[in-house]
Amino acid sequence: MESASVPLPHGAGGHAAEHEHHGPPEANQSSRIDRQTLGILLFIISEVMLFGSFFASYFFLRVVVNPASWPPQPFELPVGIAGMNTAILVSSSFTIHYALEGIRKGNKQAMKLGLALTWLLGLTFLFVQINEYVHLGFSVRTESFGTIFYSLTGLHGAHVFIGLTLLTAATIRAFRGHFDKAPEKHLGVEVPGIYWHFVDIMWIIVFATVYIL
Amino acid sequence: MRINERAVFKWVLIVGVAGASVIGLALLTRPLLGSLWGLVLVIAGCAYGIRWTREWWRSSRSRPGGPDYKP
């Protein structure tokens, strides 16, 4: 492989040449977006496509197969509990935003409080959803309705779990004093924050589609 | 526009308000009307997205790294 170092004239700066950078040159980076944020945005775009395929299946089953009623009799969805769960998840977006606004102003206590609250709200959402699954009265094998219901809400639940894992790491790091005011010093909160907002946005769409419409 | 958490949070608010309007309309009238309103919002969102992307590419020449960029 060709070296990236520039050969110096004979006898001039021979010592400096020893300390020159060898290997491939530094990767080019956009001045508008750092690579970590770009990475999570590309990941989110792929996730949007994944959710899109699940929504396509949902609408296919609901509109094209066209059962007499939706959800099929005698099943009922707990709209009230899911609505409360929606409020919990939407609140968690505000708390993660509070955490990030805090660290942007150099307020580490606000960041820790915001992260801890977000983590707790996310965990509550997941527990309520698991509890809902236990008491629903139908399973993933109950007609196409059961399959698509569990697939769509389960896919989202898996994303909440991934988000919680990222938040756990961010919260532990925050309490160990890893983050600071400068934008490049708190990317470890910024990136999970963006992902958490995505999870929140997807739930609003899933809730409106599956439980309300 | 700088892409960061603050910009994404703005979209949480926009989708939240849009979702609330769909849910409200579906509960107050009929689910079909809520669905149609949701479809209108999705189409409007797609149109906005396409316009934003085209504008982003159009202005790329004068941004840092572009051939017409003047610091």
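**A chat about chains A and B**

Visitor: Start me somewhere concrete. Which residues is A:T86 in contact with, leaving aside its neighbours within four places in sequence?

Guide: A:T86 is in contact with A:W203 and A:F207, leaving aside neighbours within four places in sequence. Contact means heavy atoms within 4.5 Å.

Visitor: What kind of model is this?

Guide: This is a predicted model: local features need pLDDT of at least 70, side-chain atom pairs count only at pLDDT 80 or more, and totals for chains, interfaces and linings use all residues. Residues are numbered from 1 along each chain as its sequence is written, chains are lettered from A and ligands numbered from 1 in the order in which they are written, and side-chain values use heavy atoms, with hydrogens and water left out.

Visitor: Back to A:T86. Where is its place? Buried or exposed?

Guide: A:T86 sits in helix α3 of chain A. A:T86 counts as buried, at 11% relative accessibility. Buried means under 20% relative accessible area, exposed over 50%, and partly exposed in between (1.4 Å probe, protein chains only).

Visitor: How many helices and strands are there in chain A?

Guide: Chain A has six helices and zero strands. Helices (H or I, at least four residues) and strands (E, at least two) are DSSP runs, numbered from the N terminus.

Visitor: How much of chain A counts as buried?

Guide: Of its 213 residues, 43% count as buried. Contacts also reach along the sequence: among those in chain A with a separation of 6 or more, 74% are between residues 24 or more positions apart.

Visitor: Show me one residue with such contacts. What does A:L115 touch?

Guide: A:L115 is in helix α4 of chain A. Its relative accessible area is 0%, so A:L115 is buried. Beyond neighbours within four places in sequence, its contacts include A:I96, A:A99, A:L167 and A:V189.

Visitor: And how far apart are A:L115 and A:T95?

Guide: They are 20 residues apart in sequence and 7.1 Å apart in space, C-alpha to C-alpha.

Visitor: New topic: rings. How many aromatic pairs are there over all chains?

Guide: The count is 20 aromatic pairs. Rings of Phe, Tyr and Trp (its six-membered ring) pair if their centres lie within 6.5 Å; planes under 30 degrees apart count as stacked, over 60 as edge-to-face and the rest as tilted. Take A:F138 and A:F149: the ring centres are 5.5 Å apart and the planes at 70°, so this pair is edge-to-face.

Visitor: Which parts does that pair tie together?

Guide: A:F138 lies in the loop between α4 (108–135) and α5 (143–175) of chain A, and A:F149 in helix α5, so the pair ties together parts that are 11 residues apart in sequence. A:F138 is buried at 6% relative accessible area. A:F149 is buried at 1%.

Visitor: What about A:F149 and A:Y150?

Guide: Their ring centres are 5.5 Å apart and their planes at 85°, so that pair is edge-to-face. A:Y150 is buried, as is A:F149.

Visitor: Now chain B. What is its secondary structure?

Guide: Chain B has two helices and zero strands. Its C-alpha atoms fill a box of roughly 55 × 20 × 10 Å, taken along the principal axes. Of its 71 residues, 21% count as buried.

Visitor: What is its radius of gyration?

Guide: Chain B has 18 Å, while a compact globule of 71 residues would have a value near 11 Å. The radius is taken over C-alpha atoms, and the globule rule is 2.2 Å times the number of residues to the power 0.38.
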